[in-house]
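Here is an informal walk through the model, meant to be read with the structure open beside it. Spin it around as you go.

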Amino acid sequence: MPRLNIQLGYAGFAGDMSAWLDFGCGIYGLQALPGENELRFRIDDRAWRIAIRQSDTPGVDYIGLEVGTLRDLQAIAGRLRQFGHQATENRDLAKTRNVFHLIETEAPDGTRIELFVGGLTLSEAFVSPTGARFVTGSAGLGHVLLLVPDIEAALAFFVDVIGLRRTDSIEVVPGSDGHFLNGGKRHHVVALAHIPGVTGFDHIYLEVDRMSTVGRAWDKVSGGAAPVARSLGQHANDPALSFYAQSPSGFLFEYGFASTLIDDPESWTETRWESAYLWGGTFGSHAVG
Ligand SMILES: [Fe+2]
């Protein structure tokens, strides 16, 4: 399979828009674009990166994976169909999401995945209410971690069909590894783990360019602005400095600094780590990455 450029492009969540407005803007410095039934956030020059649909049933609506070229997107769609997965081109949805071309599919755990090319870039500059500057560009929006019921089915889907490649793994519970999947510059775009009794969307990670931006957000969260899920610490594999808070939609929101960006993925050697953390990261019932 040829090396593909695949990044996290956007994500759509369901929850309380008002709570997300305070959470996203006040703590993390996202720029809000409020709408009647949907709140969108900008973090860079893209038209939007995170959308919140007003709902009393919080959760994850969709994950957008951005593919480098239309040719690569079509190749992925072909493999999806070949392996018996949905691959539906949706032009109306592409307009709604402000992208050029979009293919809908579904991961084995039921997560809705939208593969796209051509995200809209605005002329108007992103302005953060806290002065945060996010690390995006060719590294995309960040990463997500999915806790899946069937790790082999999830790996087959994201690696063999979508085309991501494992950078490393960590034993997260005895006998069960978390797997970190790279698609280009970002160390991992999607991480997968199987933890018995726990399934669903664990967290989304966003990265900023200064340690002090993470530290000032940590001051707010540790001071009570949102529930702490995992305290400030440094991961072993990225090795990002980050912390996790519980978002208004229940899943976790990781905010970090200085994760590895991979300039030459072809030279990467897959490894396996003893632990998820070099230091810190306490409070959580599990700590994957
Ligand atoms: Fe993470």
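## A buried glutamate, to begin with

Glu104 is buried, with 13% relative accessible area, a call that rests on the cut-off of under 20% for buried residues. Keep in mind that this is a predicted model. You'll find Glu104 in strand β7, which covers residues 99-106. What does the side chain of Glu104 join up with? Arg112 is a partner: the two side chains make a polar contact of 3.0 Å.

## The sheet around it

Strand β7 belongs to an open sheet of 8 strands with mixed pairing, and the order runs β2-β3-β4-β1-β5-β8-β7-β6. Which strands sit at the edges? Those are β2 and β6 (88-89), each of which pairs on one side only. As a general reminder, strands of a sheet pair through backbone hydrogen bonds, in either a parallel or an antiparallel way.

Start from the β2 end. Strand β2 (residues 31-34) runs antiparallel to β3, with 4 bridges joining them. The two make a hairpin with 3 residues between them. If you want a pair to click on, try Ala32, whose bridge partner in β3 is Phe41.

On to β3 itself: is this strand mostly buried or exposed? Of its 5 residues (38-42), 4 are buried, so the rest of the structure largely encloses β3. Strand β3 also runs antiparallel to β4 (residues 50-54), again with 4 bridges. Here Leu39 has Ile52 of β4 as its bridge partner.

The next step along changes direction. β1 and β4 pair in the parallel sense, over 5 bridges. Gly15 stands opposite Gln54 in β4.

## Pocket and cavity

Now for the empty spaces. The largest pocket holds about 170 Å³ of space. It is lined by 15 residues, and those closest to its centre are Gln7, Arg46, Glu66, Gly137 and Ser138. Strands β5 (59-67) and β8 (112-119) each give at least two residues to this lining. Which domains does the pocket lining draw on? Domain 1 (6-119) and domain 2 (137-276) each contribute at least three residues.

There is also 1 cavity of 30 Å³ or more in the structure. Its lining includes Gly9, Tyr10, Trp48, Arg97, Asn98 and Phe116. Strands β1 (6-15) and β8 each supply at least two of the cavity's lining residues. Arg46 is on the list for the largest cavity, and Arg46 is also among the residues closest to the centre of the largest pocket.

Here are the two spaces side by side:

| Space | Volume | Nonpolar lining residues | Polar lining residues | Charged lining residues |
|---|---|---|---|---|
| Largest pocket | about 170 Å³ | 2 | 8 | 5 |
| Largest cavity | about 60 Å³ | 6 | 3 | 3 |

## Asp150 at the start of a helix

Over in domain 2 (137-276), have a look at Asp150, in the loop between β9 (143-147) and α4 (151-162). Asp150 counts as partly exposed, at 43% relative accessibility. What does its side chain reach? The backbone nitrogen of Ala153 is one target, at 3.1 Å. A polar atom of the Asp150 side chain also lies 3.2 Å from the backbone nitrogen of Glu152. Asp150 and Thr199 are 49 residues apart in sequence, and their C-alpha atoms are 9.7 Å apart in space.

## Some backbone oddities

A few backbone spots are worth a look too. Which residues does a cis peptide bond join? They are Asp238 and Pro239, with omega at about 0 degrees. Pro239 sits in the loop between β14 (228-235) and β15 (241-246).

Asn98 isn't a glycine, yet it has a positive phi of about 60 degrees. Asn98 lies in the loop between α3 (91-96) and β7, and it counts as partly exposed at 25% relative accessibility. This is the Asn98 that also helps line the largest cavity.

Ala258 has a positive phi as well, near 65 degrees. Its place is the loop between β16 (252-257) and β17 (271-273). Ala258 is partly exposed, with a relative accessible area of 39%.

Methods
Residues numbered from 1 in each chain as written. Predicted model: local features only at pLDDT ≥ 70, side-chain atom pairs only at ≥ 80, totals over all residues. Heavy atoms only, no water. Buried < 20%, exposed > 50% of the residue type's maximum accessible area, 1.4 Å probe, protein only. Pairing = 2+ DSSP bridges. 1 Å grid on protein atoms, 1.4 Å probe; cavity = no way out; pocket = protein on both sides within 12 Å on 5 of 7 lines; lining within 4 Å. Points joined across faces, edges and corners; volume = space filled by probe spheres on them. Nonpolar A, V, L, I, M, F, W, Y, C, P; charged D, E, K, R; others polar. Domains from an automatic or database assignment. Polar contact = N/O pair within 3.5 Å; in protein donor to acceptor, adjacent residues only side chain to side chain.
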